Each structure stands twice: as C-alpha cells, then as structure tokens.
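Biologist: I've got a predicted model open here and I'd like a close look at one part of it. Could you walk me through the charged pairs, slowly, and then place them in the rest of the fold?

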Amino acid sequence: MRLYLLPKTFKGQASLEIKGKDFVYLTRSLRLKESQVITGRDREGRLWDLCIEKITKDSCTLSAKKAETAQERTDALPQTGPKKTIILYQCLPKGRKADDIIKKATEAGVRDIVLVKSRNCVASLEGKEMTRLERYDAMVTEAIQQSGSMVPTTVSGVIDISEIPDDFEKRTDGVARMGIVLHQSKIENQNNDLFNCLKDFDGAVALVVGPEGGLEESECQALIDRSFKAVVLKTNILRCETASIYAIGAVQTIIESSCR
C-alpha cells in the first residue's frame with residue numbers, strides 16, 4: 001500500500017493544501033486525480049483517509065478523515081510505541097553508507113536511528129549536523145511513503161558512544177529493555193547468541209553497530225557494564241551497512257516469533 005506521510009504541521013485539520021515536492025509526489029509520481037483517495041499517516045503513526053478535492057497548477061487540496069480501518073492495518077505491523085521497538089545506534093560510516101542504512105532501516109520499521117561517534121569513526125558531521133539531519137529526514141519521509149511503514153521513524157544525533165545507555169533508557173522509559181552490541185569476536189562470559197538473548201523477550205531492543213574499523217574493546221566493555229549483551233552474528237564477515245540491516249531483520253524475526 002502506497003502511503004503519504006503528512007506534513008509535520010498537520011494536527012488533524014479537516015482540510016489542507018499541499019505544495020512543492022509533496023504536490024509533485026501525489027499528482028505526478030502517484031498520478032492521483034480529483035476525488036481519488038489515499039491513505040495518509042501523521043507523525044504520531046495515526047492513519048487518515050485523504051481525498052483529493054481539488055488540483056491546480058502548483059497545489060492540491062486534501063480532505064482528511066481519520067481512517068476507520070486503521071487498527072486492522074496497524075496490528076499487522078510492528079507497534080509504534082516503546083514496546084517491540086528497535087532503536088539503531090549506528091556509528092558514523094564513511095561516505096554515503098549512512099544514506100543506505102537510514103533508508104533501509106526506515107523501510108524495515110526501525111523507530112529511532114541515532115547516529116553515534118566512536119573512536120574508530122573516520123566520518124564526522126561536525127559543522128554540518130543540522131543540514132545533514134534535514135537531508136536524512138527527507139530520506140525517511142521518502143522511505144516511509146515507498147514502503148507504507150506505520151512506524152514514525154526519526155533520525156537524531158550525533159551522540160558519543162558513552163551516552164548510549166542513558167539515551168536508550170530515556171527513549172524507552174518504563175518498558176523492558178534489551179541492549180545488543182554487535183561484536184566481531186566472542187567475549188568471555190557473554191551470551192554471544194542473538195536468538196538466546198532475545199527468545200521470549202517482549203520489549204524495546206537497542207542495536208549498536210560499529211563503524212568500518214569496528215568498536216574498541218573498551219567501548220564494548222563499557223556497554224556490557226551497563227547491561228548490554230555482546231553478540232557475534234553467525235554469518236560471514238559483514239560490512240557495517242550490511243550488519244545493521246541483517247541484525248534488524250534477525251531481531252524482528254526472533255521477537256515476533258517468540259511473542260506469538
């Protein structure tokens with residue numbers, strides 16, 4: 001199902017005017033005509049039935065009514081509240097790799113993508129953080145509309161890796177939490193199996209993925225000391241951008257299977 005992500009300014013009003021890129025998306029990409037209906041989703045994850053009331057040269061007017069069948073659609077997808085959410089803590093990768101990670105993580109239904117600075121990060125957003133986050137927000141909007149995701153994904157950061165445990169706690173207040181840090185080798189006295197860590201678990205999961213050079217042992221240990229589990233993926237050696245998406249899919253599969 002194609003989806004239109006409503007503007008941040010939408011607060012439930014019965015009618016709204018759409019211009020710019022969103023106008024082009026609705027009338028040219030989707031080729032919607034007057035009287036046609038499309039499903040909209042606001043920034044809190046609520047669904048709306050939107051009808052194209054009028055189309056002019058550079059704008060269109062939509063009527064909005066809360067979708068009566070929203071619950072049926074939402075129940076089939078990952079929940080948007082703190083429970084069963086995945087938060088990706090992604091250490092800054094080089095080049096445009098962050099773009100691919102953000103797009104694919106959004107399509108997969110990750111609620112929060114938090115950019116992280118660790119010792120082996122080569123990339124830096126210093127001095128261009130706001131501009132880059134605005135670009136990432138546009139990517140998230142495009143990915144949500146393409147995939148039809150019901151999850152209100154956000155991108156934030158950059159935070160230091162030492163801030164992750166406190167940040168995770170704030171984002172999941174009052175909910176069961178499981179922190180997972182992807183590690184390149186086994187750590188003594190740690191349960192390195194993703195399935196055993198997550199089976200029968202029903203709560204919010206944090207995934208920490210390092211940069212191309214990996215995480216340093218001291219960084220991993222600091223997270224372990226704050227109750228994070230070090231996990232080694234039982235597969236080939238993966239690029240950081242591949243590891244992120246692979247782990248997201250694995251976590252979703254385990255949690256959904258365990259909770260049936």
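Which residue does K97 form a salt bridge with, and how far apart are the closest N and O atoms?

Modeller: The partner is E212, and the closest N and O atoms of the two residues are 3.2 Å apart. Keep in mind that we're looking at a predicted model, so these are computed values. What I like about this pair is where its two ends sit. K97 belongs to helix α3, which covers residues 97-108, while E212 is in the loop between β10 (204-209) and α7 (217-224). That puts the partners 115 residues apart, so the salt bridge links distant parts of the chain. As for exposure, K97 has a relative accessible area of 22%, which makes K97 partly exposed because buried means under 20%. E212 is partly exposed too, at 32% relative accessibility.

Stay with helix α3 for a moment and go to D99, which lies in that helix. D99 pairs with R135 in a salt bridge whose closest N and O atoms are 3.0 Å apart. R135 is in helix α4 (residues 129-147), so this pair ties together parts of the chain 36 residues apart in sequence. D99 is buried, with just 6% relative accessible area, whereas R135 is partly exposed at 27%. D99 has another salt-bridge partner in R96, where the closest N and O atoms are 3.4 Å apart. R96 counts as exposed, with 59% relative accessibility. So around D99 you find a buried acid with an exposed arginine as one partner and a partly exposed arginine as another. In general terms, side chains of opposite charge can pair when their charged atoms come close.

Elsewhere, R111, D112, D167 and R171 are joined into one network by salt bridges that share partners. Search the whole structure and you get 12 salt bridges.

Now for the nonpolar side of things. The largest nonpolar core has 62 residues, and L88, Y89, I164, I180, L198 and L207 are the ones with the most contacts inside it. Take I164: leaving out neighbours within four places in sequence, I164 is in contact with Y89, V116, I159, V208, L223 and F228. Apart from that core lies another, of 17 residues, including Y4, L16, I38 and L50. As a rule, nonpolar side chains in soluble globular proteins tend to be buried together.

For a polar spot to compare, try S59 in strand β5 (residues 59-66). S59 is buried at 5% relative accessibility, and its side chain makes a polar contact of 3.2 Å with the side chain of E17. Setting aside neighbours within four places in sequence, the residues in contact with S59 are E17, I18, K19, F23 and K54.

Zooming out, the protein chain has eight helices and 11 strands. Of its 260 residues, 48% count as buried. Among contacts between residues at least 6 apart in sequence, 76% join residues at least 24 apart. The accessible surface comes to about 13,400 Å², with 47% of that belonging to carbon and sulfur atoms.

Methods. Residues are numbered from 1 along each chain as its sequence is written. This is a predicted model: local features need pLDDT of at least 70, side-chain atom pairs count only at pLDDT 80 or more; totals for chains, interfaces and linings use all residues. Side-chain values use heavy atoms; hydrogens and water are left out. A nonpolar core is a set of buried Ala, Val, Leu, Ile, Met, Phe, Trp, Tyr and Cys residues joined through side-chain atoms within 4.5 Å. Buried means under 20% relative accessible area, exposed over 50%, partly exposed in between (1.4 Å probe, protein chains only). Contact means heavy atoms within 4.5 Å. A salt bridge is a side-chain nitrogen of Lys or Arg within 4 Å of a carboxyl oxygen of Asp or Glu. Helices (H or I, at least four residues) and strands (E, at least two) are DSSP runs, numbered from the N terminus. Accessible areas come from the Shrake-Rupley method with a 1.4 Å probe; for residues, only the protein chains shown count as cover. A polar contact is a pair of N or O atoms within 3.5 Å; within protein, one must be able to donate a hydrogen and the other to accept it, and residues adjacent in sequence count only if both atoms are side-chain atoms.
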